[in-house]
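Visitor: I have the files open and would like to reason through them with you. Shall we take the DNA strands and then the helices?

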Number of protein chains: 2
Amino acid sequence: MSQRPVRTDGPVPVYVQIADYIEADIKAGRLRPHDRIPTENAMHAEWGVARTTARRAVNLLRERDLVYTVPQRGTFVSPQ
Amino acid sequence: MSQRPVRTDGPVPVYVQIADYIEADIKAGRLRPHDRIPTENAMHAEWGVARTTARRAVNLLRERDLVYTVPQRGTFVSPQ
DNA sequence: GTACATTTGTTCGTATGTATA
DNA sequence: GTATACATACGAACAAATGTA
């Protein structure tokens, strides 16, 4: 299903790989300001990772100021 | 109230224990086809577990094809 | 016709424990 | 010892639909 595999046997942590995928979507305009990024459960389903790992990817994107999270609503692409 | 305790300190996850209890009820005929199984809130009350944990038990029963869920109505024992 | 309670659906927040590299 | 990753389990808040009073 996913054209974008995550590798657990490589040097790059899974949560970084996922964050990089989403960052690429943002940079490419496939995700635009205020679009909702996939939920933690969606990432769990898409990549087969634990929800906690999906959270770490989101945290990383937040640290990069690429997204903002609204509790109980979702995580969205930052404006600009 | 409950003659059937759940144990959090054992090897079997709580949600599996609950699913197993309900499966036993179905197999024993205490719950029959199209009977409604306990709601998530009822499981919460009966076993003192979080609603999210009760949901996982229901999800497991659904994966076992023992029940089906009607949104806003409840979850019911599968026919046959 | 309206208001309320019930019930499942969804999503994020948080914590713990286990295993592995 | 630290970082990564998974599984489990608690909770909170809100949405949406249904059924009932």
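Visitor: How many residues surround DNA strand D, and which are the closest?

Guide: This is a predicted model, so please read each value as computed from it. In it, 21 residues surround DNA strand D, and the closest are A:V14, A:T53, A:R56, B:V14 and B:T53. Of the strand D atoms that come within 4 Å of the protein, sugar and phosphate account for 66%.

Visitor: What makes the pair formed by A:Y15 and DNA strand D a polar contact?

Guide: A polar contact needs a pair of N or O atoms within 3.5 Å. An N or O atom in the side chain of A:Y15 is 3.0 Å from a phosphate oxygen of strand D, so the pair qualifies. In chain B, the side chain of B:Y15 likewise has an N or O atom 3.1 Å from a phosphate oxygen of this strand.

Visitor: And what does A:Q72 approach on DNA strand D?

Guide: A base nitrogen: a polar side-chain atom of A:Q72 lies 3.4 Å from it. That value is within the 3.5 Å cut-off, so this pair counts too.

Visitor: Which element gives the largest share of the surface near DNA strand D?

Guide: That is α3(B), with four residues. By class, this surface divides into 10 nonpolar, seven polar and four charged residues.

Visitor: Now the other strand. How many residues surround DNA strand C?

Guide: There are 22, and the closest are A:R36, A:R51, A:Q72, B:R51 and B:Q72. Among the strand C atoms within 4 Å of the protein, 59% belong to sugar or phosphate and the rest to bases.

Visitor: How do you know that B:R51 and B:Q72 make polar contacts with bases of DNA strand C?

Guide: Set both distances against 3.5 Å. An N or O atom in the side chain of B:R51 is 2.7 Å from a base nitrogen, and one in the side chain of B:Q72 is 2.9 Å from a base oxygen. Both values are within the cut-off, so both pairs are polar contacts. For B:E40, a polar backbone atom is 3.1 Å from a phosphate oxygen of strand C.

Visitor: Which elements supply at least two residues each of the surface near DNA strand C?

Guide: They are α3 (51-63) and β2 (74-77) of chain A, together with α3 (51-63) and β2 (74-77) of chain B. The largest share, three residues, comes from α3(A). By class, the surface has two nonpolar, 11 polar and nine charged residues.

Visitor: On to the helices. Why are α1(A) and α3(A) called oblique to each other?

Guide: They pack at an angle of about 55°, with their axes 8 Å apart. Roughly parallel requires under 35 degrees and roughly perpendicular starts at 65, so an angle between those limits is oblique. The pair is therefore oblique, and the crossing is right-handed. Residues making the contact include A:V14, A:I18 and A:I22 of α1(A), and A:A57, A:L60 and A:L61 of α3(A). By class, the contact has nine nonpolar, one polar and two charged residues.

Visitor: What makes α1(B) and α3(B) oblique?

Guide: Their axes come within 8 Å and cross at roughly 55°. Set against the limits of 35 and 65 degrees, the two helices are therefore oblique. α1(B) passes α3(B) in a right-handed crossing. Among the contact residues are B:Y15 and B:E23 of α1(B), and B:T53 and B:R56 of α3(B).

Technical notes: Residues are numbered from 1 along each chain as its sequence is written. Chains are lettered from A and ligands numbered from 1 in the order in which they are written. This is a predicted model: local features need pLDDT of at least 70, side-chain atom pairs count only at pLDDT 80 or more; totals for chains, interfaces and linings use all residues. Side-chain values use heavy atoms; hydrogens and water are left out. A residue is near a molecule or strand if one of its heavy atoms lies within 4 Å of it. A polar contact is a pair of N or O atoms within 3.5 Å; within protein, one must be able to donate a hydrogen and the other to accept it, and residues adjacent in sequence count only if both atoms are side-chain atoms. Ala, Val, Leu, Ile, Met, Phe, Trp, Tyr, Cys and Pro count as nonpolar, Asp, Glu, Lys and Arg as charged, and the others, Gly among them, as polar. Axes are lines fitted to C-alpha atoms, for helices over the stretch in contact, and angles run from 0 to 180 degrees between N-to-C directions. Angles under 35 degrees count as roughly parallel, over 145 as roughly antiparallel, 65 to 115 as roughly perpendicular and the rest as oblique. A crossing is left-handed if the near helix is turned anticlockwise from the far one by less than a right angle, and right-handed if clockwise. Contact means heavy atoms within 4.5 Å.
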